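Here's a quick briefing to read alongside the sequence and the 3D view. Have both open, and let's go through the side chains and segments by topic.

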Amino acid sequence: MPTLARIHAGTVRLDDARRGTSREVALLAFEIGIHPVTLTEFGDPAAQQAHPGDAPMAGVRWIDAIRWCNAASLAAGYAPAYAVRGSA
């Protein structure tokens, strides 16, 4: 399991420069890895061959990322963070 940093609950202001708008969003507390997920951790053999070494994983579809996060959570004894509905 990667080293995680705790992010406390609070309010964040989101600015949309294109529209010239902003809004405040309440966030729940969460934990996030302090280092990017590597090719090796993600387990993508094609990417590992194209970029040997322990480079950060890039170009991941959202659905693949949340499936990986849920599997990593289960492996570490945590409940999955995301619910996937339908076929994706």
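W62 counts as exposed, with a relative accessibility of 61%. Keep in mind that this is a predicted model. The ring of W62 still has a partner: its centre lies 6.0 Å from that of Y82, and with the planes at 80° the pair is edge-to-face. W62 sits in helix α3 and Y82 in the segment after α3, so this pair links parts of the chain that are 20 residues apart. Y82 itself counts as partly exposed, at 37% relative accessibility.

**The other aromatic pair**

- The structure holds 2 aromatic pairs in total.
- Besides W62 and Y82, there's F42 with W68, a stacked pair with 6.2 Å centre to centre and 20° between the planes.
- F42 belongs to helix α1 (residues 39-42) and W68 to helix α3, so this pair ties together parts 26 residues apart in sequence.
- W68 counts as partly exposed, with 21% relative accessibility; the cut-off for buried is under 20%, so W68 misses that class.

**Helix α3 and what follows it**

- N70 is another residue of helix α3, and at 10% relative accessibility N70 counts as buried.
- Which residues does N70 touch, once those up to four places away in sequence are set aside? They are P80, A81 and Y82.
- The side chain of N70 also reaches the backbone nitrogen of A81, at 3.0 Å.
- S73 is found in helix α3 too (residues 62-75), and S73 is buried, with a relative accessible area of 14%.
- Leaving aside neighbours within four places in sequence, S73 is in contact with Y78, A79 and P80.
- Put side by side, N70 has P80 among its contacts, and S73 has P80 among its own.

**Salt bridges**

- As a bit of background, side chains of opposite charge can pair when their charged atoms come close.
- How many salt bridges does the structure hold? There are 3.
- One of them joins D15 to R13, whose closest N and O atoms are 2.9 Å apart; both D15 and R13 are exposed.
- Another brings together the side chains of D16 and R19, at 3.9 Å from N to O.
- In that bridge D16 is partly exposed, with a relative accessible area of 23%, whereas R19 is exposed, at 62%.
- R61 and D64 also meet through their side chains in a salt bridge, at 2.9 Å from N to O.
- D64 is partly exposed, and its relative accessible area is 26%.

**A nonpolar patch on the surface**

- I7, V12, L14, L27, F30 and I32 form a nonpolar patch on the surface, and together they have about 440 Å² of accessible area.
- Which elements give two or more residues to this nonpolar patch? They are β2 (10-16) and β4 (30-33).
- I7 has its place in strand β1 (residues 4-7).
- I7 is partly exposed, with a relative accessible area of 31%; patch members need over 30%, so I7 makes it past that cut-off.

**The start of the chain**

- T3 is placed in the segment before β1.
- Not counting residues up to four places away in sequence, T3 touches I32, G33 and I34.
- The C-alpha atoms of T3 and E31 are separated by 9.5 Å, and the two residues are 28 residues apart along the chain.
- One of the contacts of T3, I32, is also a member of the nonpolar patch.

**The chain as a whole**

- The protein chain has 3 helices and 4 strands.
- Read from the N terminus on, the elements run β-β-β-β-α-α-α.
- What share of the 88 residues counts as buried? It's 10%, and N70 and S73 are both classed as buried.
- Among the contacts with a separation of 6 or more, 27% come from residues 24 or more positions apart.
- The protein chain exposes about 7000 Å², of which carbon and sulfur atoms supply 56%.

Conventions
Residues are numbered from 1 along each chain as its sequence is written. This is a predicted model: local features need pLDDT of at least 70, side-chain atom pairs count only at pLDDT 80 or more; totals for chains, interfaces and linings use all residues. Side-chain values use heavy atoms; hydrogens and water are left out. Buried means under 20% relative accessible area, exposed over 50%, partly exposed in between (1.4 Å probe, protein chains only). Contact means heavy atoms within 4.5 Å. Accessible areas come from the Shrake-Rupley method with a 1.4 Å probe; for residues, only the protein chains shown count as cover. Rings of Phe, Tyr and Trp (its six-membered ring) pair if their centres lie within 6.5 Å; planes under 30 degrees apart count as stacked, over 60 as edge-to-face and the rest as tilted. Patches are made of residues with over 30% relative accessible area and no salt bridge: like charges are joined within 9 Å, nonpolar side chains (Val, Leu, Ile, Met, Phe, Trp, Tyr) within 5 Å. A salt bridge is a side-chain nitrogen of Lys or Arg within 4 Å of a carboxyl oxygen of Asp or Glu. A polar contact is a pair of N or O atoms within 3.5 Å; within protein, one must be able to donate a hydrogen and the other to accept it, and residues adjacent in sequence count only if both atoms are side-chain atoms.
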